[in-house]
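This report describes a protein model for a reader who is new to structural work. Please examine the sequence and the structure shown here before reading on.

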Amino acid sequence: MINNILLNKSNFEELPENCVIINGTIIDPYKGKEYSSDIKIVNGIISEIKESIPTTETDLIIDAKDKFISPGFMDMHVHLREPGYEQAENFITGTNAAMSGGFTRIATMPNTSPCVDNIFVYNDICRRTEDLLVKVHQIPAVTSERKGKTLVEMTELINNGVLAFSDDGDGIQSGEAMKGALQYASMFKVPILVHEEDKSFLDGVMNESLSSTELGMAGIPNIAESSMIARDIEIARYVDGITHFQHISAKESVKLIRAAKLEGLKVTSEVTPHHFSLTDEKVKTFSTDFKMNPPLRTKEDIDEILLGLKDGTIDVIASDHAPHTPEKKNVEFDFAPFGVLGIETLFSVGIKYLVKTNVLSLMDFLKKITINPRKILNLDQDILSEGKTAELTIFDNKSEWKVDRRKLQSKSINTCYHDEKLNGLVHCVINNSKIYRR
Amino acid sequence: MDNIKTKDLLKIKHLLGINGMCREDLELILKTSASFKQILDTPNKKVAALKGITVVNMFFENSTRTKLSFEMAEKRLSADVVNFAASSSSLKKGETLIDTARNIEAMKIDMVVMRHSTPGAHKMLLDNLDSIIINAGDGAHEHPTQAILDLMTITEKIPDLKGKRVTLVGDIVHSRVAMSNIHALKLYGAKVQLCGPATLIPKDIEKLGVEVTYDLEEAIQNSDVMNILRIQLERHVGPSFPSLREYHNFWGITNEKLAKANNDILILHPGPMNRGVEIDDDVADGDHQVILEQVLNGVASRMAILYLLSANIGGIK
Ligand SMILES: [Zn+2]
C-alpha cells in the first residue's frame, strides 16, 4: 500500500557544513537594523556575521546580491489539513508551500480529523514533522473536539512544547468556556488564539453589505465578529488573560482592539492578506475562491485595517492558509467550503499592498511576519545573531511575478490571486540545517 | 406570425439577470411580448417558432407557477419540452450541478431554463454548457423573467414610467423578485421605493438609488404602482417580525388603506398570494389589481424571451 505522503517530496536539501552568504543586506527587525554584511553558517549555526567573510574552504556560497536577508518568516495561522484531509494538503506539500512563501516556521490549526485535542495526536504530528525544514508548531484545540465545552489537558500539552491553543474555525460561543480557557492558560502565560464569530447570527456565505444585497446572498455582518471581540475583551480584562484575535476583518474589531491595547490589556491581533487587499465586490464573480470566513469586507474595513497595521493595533500578518480540493470548491457558492490558500502569496501581497503603497516600511512589514508572531508565542526573537541556529529568508522586494494557481506548491489551487501580478520574491530559506532554493 | 418575425436581435445571448441589461433589449422583449400576447388571444394559440428546438426546464427548487408558465410558453412555441426536477440538497449529496447539466446537454438540447436556490448557479451553467441559459430565479439574487412580466404589465397601463413611483412592499431581503424589478424599473426611469419592516430590507440597499420607508400609509399615498411581495410564512416569525397578525396590521394591503391612494394605483403580486397576510381578498380581487394580467403576460413575455434568445442557438461561444 502506498502512503499518500510518499507521493510527495520535500523541496529542501541538507545544508552543507560550511556556508557563506555574501553580498546581501541584512534586515533585522529585532535590532531594528539594516546593514550590508556576510553571514557564515557552520553546521547549521550562524558562526559569524561580518562585513567581509572569506569564501575559501566553503562548501556553499550563496550570493545575495541585491537581496535582503531577514529572520525566517513565521506564519502563525495555517491549516495543513493533516491528519484527515490530505487530499487538500499534507505536511509535505504544505511545508513546500510555506518554504516557497519564505516561511521557516508555522503554527498550524487543530481543525483536523481527528482533532488535535490530546497529547497523542499532538505528539504524532510533532514526530512526523520534526525532520522538515519548516518548524511546525501544532496548536491544539482549546476545547475537546473544538466543541466549546470541556477544556483540553492544557498542562500536559504545554509541558510537551505547546505554545498556544485555538478552536479556530469556530468561535467559542460560551462565555463561561472562554473565561475558563483564558484563566487556565494564563497560569502558564500561554495565549488563547481566538476565531471570533457569534454563530447566533444568521449563517451567511459572504459579508453583509451592499454586495450581498445585490447578489441576494445571506450575509455575515461585521458585528458577528466585533460583538464577540467586545465580549472577549471584557473577559480578558476580568481574568487578566492573554488573548490573540485571529484574522480580524471588520473595522469595528480594529477599533475595539486599539482601545483594549491602550488600556494595557494583554491582547494582540492578526490580519490576513486577503482582508487588507480585496473587497467583497470580488464575490460578484461568483468564484468560490473568494469564499472564506471571515468574509471579504468593504473598502471602509480595509481602511481601518491599514490604520491598525500602521499604529500597531494589528501585530501580525498571517495567511489563514486553507486549502480545499477543486472537487469541494467547484460547486454552487452556497455549498462550497470556506477558505483560501495564502501562505505562498502572503509576502508578495504584503509588498504590493502595504510596502509599495507606503502603508508600512519594509522593516515594519517584516516585524509582522517575523518577530511579532514569535513574541506572541513566546519564541526567541533574536535570530540573526552569532551562535543562533541559522533560520533565515533571502528575498528581494522588487521582482514582479504573476500568480499561476497551477504552479503553486500547495496541493490545492484555491488562491484568490490567480493571474494577479505581485511584487517581491523569496529566493531562499534556511532552517534546521536545511536549505530551500527557488 | 409575420409581425413577430423581426430582424432585431437582443444584445444579450443568455438571460441571467436584469442587472447589466440595456433598455433597448427590454424594449425589444416587451414589443415582442405584446405580439405574442395577441396570438394568445386567438383560437389557435400555437406558433411554430421553436419547432425542433429542445428546451429543458431544470428546477432545483419548487416553483409551480414559474415552471408552469415556462412550460406553457415553450409549448405554445412548439418546442420540445423536457422537465427535470430535483431539490438542490439532494443534488448536493451526489452528482454535482455541472455533471447533471452536462449529462442533460449530452442528450442534445438547445436551451436550459433553470431555477436554483444559490445565487450565481447559472454562471456555472454558462461556464460549462453550450446551451442558451435562462434564469428562472437564483436564490434571492435575480428573477429576470418575473421583472419583465411585471414591467410589461405596468407599462401596458402606464406607458411612460419616467418619474412614476413604484413601491415594492414586504419581504425584500428574501425576494428574488425585488432586485430584478429594481434594475428593470430604473432602466425605465421610475422612482423605486421599498416598504416593509426594517428587518426585511437588506443592508445598504438605498445605495442603489432606491427610497426606503417603513410606513405603508405614506407609501400608499405617494405610489403609482405597488408590487406586493409574498411573505414566506415558514421563514420569518422570530427575530424578523413578531407575528403575521402584526405584519398584516401594519404592512398588509387592505381596501381601507388603499382609500388614500391615487385613483389609478396599480396593485401587482407575483404570487402565490397569502391572502389575509400581505394582501386582503378585497384588494386581491379588487379594481386596482392586475394580478391575473401578470399571469397572462408571464406566458407572453416568456415566449418572447425564448423566441428572441433562440436566434443564438448554435451560433454562440
Ligand atoms: Zn478561523
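The text below treats the two chains in turn and then turns to some local features of the backbone.

**The chains as wholes**

The model is a predicted one. Chain A contains 13 helices and 21 strands, while chain B contains 13 helices and 9 strands. The table sets out some overall values for each chain.

| Chain | Residues buried | Accessible surface | C-alpha extent along principal axes |
|---|---|---|---|
| Chain A | 63% of 438 residues | about 16600 Å² | roughly 65 × 55 × 45 Å |
| Chain B | 57% of 317 residues | about 13500 Å² | about 55 × 50 × 35 Å |

Is each chain extended or compact? For 438 residues, a compact globule would have a radius of gyration near 22 Å, and the 21 Å of chain A therefore agrees with that expectation. For the 317 residues of chain B the expected value is near 20 Å, so the 19 Å found for this chain agrees as well.

Contacts along the sequence add to this picture. Among contacts in chain A that link residues at least 6 apart in sequence, 76% join residues at least 24 apart. The corresponding share in chain B is 74%.

The surface and the charges may be described in a similar way. Carbon and sulfur atoms supply 49% of the accessible surface of chain A, and 49% of that of chain B belongs to these atoms. Chain A carries 50 positive and 64 negative side chains, with the centres of the two sets 2 Å apart. Chain B carries 37 positive and 40 negative side chains, and here the two centres lie 4 Å apart.

**A helix in chain B**

Helix α6 of chain B runs over residues 144–157. What span should its 14 residues have? At 1.5 Å a residue the expected span is 20 Å, and the end C-alpha atoms are 20 Å apart, so the two values agree. This helix is mostly covered, with 12 of its 14 residues buried. Among them are B:P144, B:I148, B:L151 and B:T155. An α-helix has 3.6 residues a turn, so residues three or four places apart point the same way.

**A residue at a helix end in chain A**

A:V355 belongs to helix α11 of chain A, which covers residues 346–355. Is A:V355 buried or exposed? Its relative accessible area is 14%, and A:V355 is therefore buried, since buried means under 20%. Apart from its neighbours within four places in sequence, A:V355 is in contact with A:G350, A:L360, A:S361, A:L362 and A:F365. By contrast, the C-alpha atoms of A:V355 and A:T415 are separated by 21 Å, and these residues stand 60 residues apart along the chain.

**Backbone features in the loops of chain A**

Most residues other than glycine have a negative phi, and most peptide bonds are trans. Several places in chain A depart from this pattern. A cis peptide bond joins A:S113 and A:P114, with omega about 5 degrees. A:P114 is located in the loop between β10 and α2. Another cis bond leads from A:N293 to A:P294, where omega is near 0 degrees, and A:P294 lies in the loop between α8 and α9.

Which residues other than glycine have a positive phi? A:R146 has a phi of about 55 degrees and sits in the loop between β11 and α3. A:D240 has a phi near 55 degrees and is found in the loop between α6 and β16 of chain A. With a relative accessibility of 46%, A:D240 counts as partly exposed.

Key: Residues numbered from 1 in each chain as written. Chains lettered and ligands numbered in written order. Predicted model: local features only at pLDDT ≥ 70, side-chain atom pairs only at ≥ 80, totals over all residues. Heavy atoms only, no water. Helix = DSSP H or I, 4+ residues; strand = E, 2+ residues; numbered from the N terminus. Rg over C-alpha atoms; globule rule 2.2 N^0.38 Å. Buried < 20%, exposed > 50% of the residue type's maximum accessible area, 1.4 Å probe, protein only. Contact = heavy atoms within 4.5 Å. Areas by Shrake-Rupley, 256 points an atom, 1.4 Å probe, with all protein chains shown as cover. Lys, Arg positive; Asp, Glu negative; His and termini not counted. Charge placed at Lys NZ, Arg CZ, Asp CG, Glu CD. Expected span 1.5 Å × (residues − 1).
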